[in-house]
Amino acid sequence: MEGKEEDVRLGANKFTERQPIGTAAQSQDKDYKEPPPAPLFEPGELSSWSFYRAGIAEFMATFLFLYITILTVMGVVKSSTKCSTVGIQGIAWSFGGMIFALVYCTAGISGGHINPAVTFGLFLARKLSLTRALFYMVMQCLGAICGAGVVKGFQKGLYENNGGGANVVAPGYTKGDGLGAEIVGTFILVYTVFSATDAKRSARDSHVPILAPLPIGFAVFLVHLATIPITGTGINPARSLGAAIIYNKRHAWDDHWIFWVGPFIGAALAALYHQVVIRAIPFKSRFPTSEAYFSLLLESSSFIA
């Protein structure tokens with residue numbers, strides 16, 4: 001009995017209850033290294049093959065993403081009864097599952113953005129240069145246009161008669177409702193991206209290489225379940241642009257601004273929340289002061305605007 005009590009006392013002394021929290025915890029010795037902020041402009045990238053390879057990877061990933069997801073949408077909307085199709089849940093799974101698969105395939109090449117809003121959020125957090133961010137966005141949009149175009153080429157009549165997978169605000173909802181849904185939905189997605197790719201988490205979970213794409217794909221799935229009835233779920237300006245250009249009907253363009261403004265606002269808020277509140281990066285001595293960090297975010301935003 002005395003031996004057991006001695007073990008308890010040793011354990012209590014070895015594993016103390018008091019642990020540092022907040023910025024105090026982040027100042028402790030750690031087994032990971034924060035990557036330095038990316039430069040705003042990096043002209044040297046333009047002469048590197050890896051730069052263009054990453055852009056091609058973003059193009060192909062977004063192409064495949066639109067191809068599979070828009071085909072799934074067409075399969076659901078063409079049926080007179082949803083019981084004979086995969087329904088909204090199946091659409092959500094197709095979007096989330098493709099993001100999971102494509103992020104896993106391309107993360108080591110381009111980072112697996114597949115979404116201008118994700119690229120924008122990571123740019124604001126200084127994870128990539130403006131040169132690379134703009135290049136990614138262009139390639140993502142081109143890939144989305146091509147993906148939707150292939151779907152229309154397969155079934156032109158079906159595509160044009162069933163909305164073409166274009167994002168619009170559903171009847172019964174206001175433009176403000178649609179904008180709010182896009183902001184919150186994109187915030188969830190980009191916040192998940194930041195958390196899943198965080199340097200500290202990556203070091204801790206390096207033995208689980210499939211971990212990062214899984215929560216990102218699952219976040220996309222959940223957001224689609226919630227917002228398909230409101231806007232058809234954009235949270236990806238390239239996806240919305242590709243479907244709108246190929247469908248090219250007036251009502252698809254009436255609300256199109258929502259699917260750019262909403263995701264970009266949501267991405268900016270997610271970047272600000274993760275970098276300033278969760279990671280407290282502006283308050284670490286090794287990084288700029290909070291005033292300097294906020295000025296960097298505003299400077300970055302002004303270049304996009």
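In what order do the elements of the protein run from the N terminus on? They run α-α-α-α-α-α-α-α-α-α-α-α-α-α. The count agrees with that pattern, as there are 14 helices and zero strands in the protein. Please keep in mind as you look around that this is a predicted model.

Let's begin with the protein as a whole. It has 305 residues, and 47% of them count as buried. About 15300 Å² is exposed, with carbon and sulfur atoms supplying 65% of that area. Now think about which parts of the chain touch each other. Among contacts with a separation of 6 or more, 78% are between residues 24 or more positions apart.

A good pair of helices to visit next is α4 (87–106) and α10 (residues 213–231). Two packed helices are described by the angle between their axes and the distance between the axes. For α4 and α10, the angle is about 155° and the axes are 8 Å apart. Angles over 145 degrees count as roughly antiparallel, so α4 is roughly antiparallel to α10. Their crossing is right-handed. To find the contact on your screen, look on α4 for residues including Ile 88, Trp 93, Phe 95, Phe 100 and Tyr 104. On the α10 side, the residues include Pro 213, Phe 218, Phe 221, His 224 and Ile 228. Sorted by class, this contact of α4 with α10 has 17 nonpolar residues, four polar ones and no charged ones.

Further along the chain, helix α11 (residues 237–247) packs with helix α13 (residues 258–278). Here the angle is about 175° and the axes are 9 Å apart, which means that α11 is roughly antiparallel to α13. From α11, the residues taking part are Pro 237, Ser 240 and Leu 241. They meet Phe 259, Trp 260, Pro 263 and Phe 264 in α13. By class, the contact of α11 with α13 has six nonpolar residues, one polar residue and no charged residues.

Our last stop is a single residue, Asn 115, in the loop between α4 and α5 (116–124). Is Asn 115 buried or exposed? Its relative accessible area is 4%, and buried means under 20%, so Asn 115 is buried. What does Asn 115 contact, leaving aside its neighbours within four places in sequence? The partners are Gln 140, Leu 189, Ile 235, Asn 236 and Pro 237. You have already met one of these: Pro 237 also belongs to the contact of α11 with α13.

Terms used: Residues numbered from 1 in each chain as written. Predicted model: local features only at pLDDT ≥ 70, side-chain atom pairs only at ≥ 80, totals over all residues. Heavy atoms only, no water. Helix = DSSP H or I, 4+ residues; strand = E, 2+ residues; numbered from the N terminus. Buried < 20%, exposed > 50% of the residue type's maximum accessible area, 1.4 Å probe, protein only. Contact = heavy atoms within 4.5 Å. Axes fitted to C-alpha atoms, helices over the stretch in contact; angles between N-to-C directions. Parallel < 35°, antiparallel > 145°, perpendicular 65-115°, else oblique. Left-handed = near helix turned anticlockwise from the far one by under 90°. Nonpolar A, V, L, I, M, F, W, Y, C, P; charged D, E, K, R; others polar. Areas by Shrake-Rupley, 256 points an atom, 1.4 Å probe, with all protein chains shown as cover.
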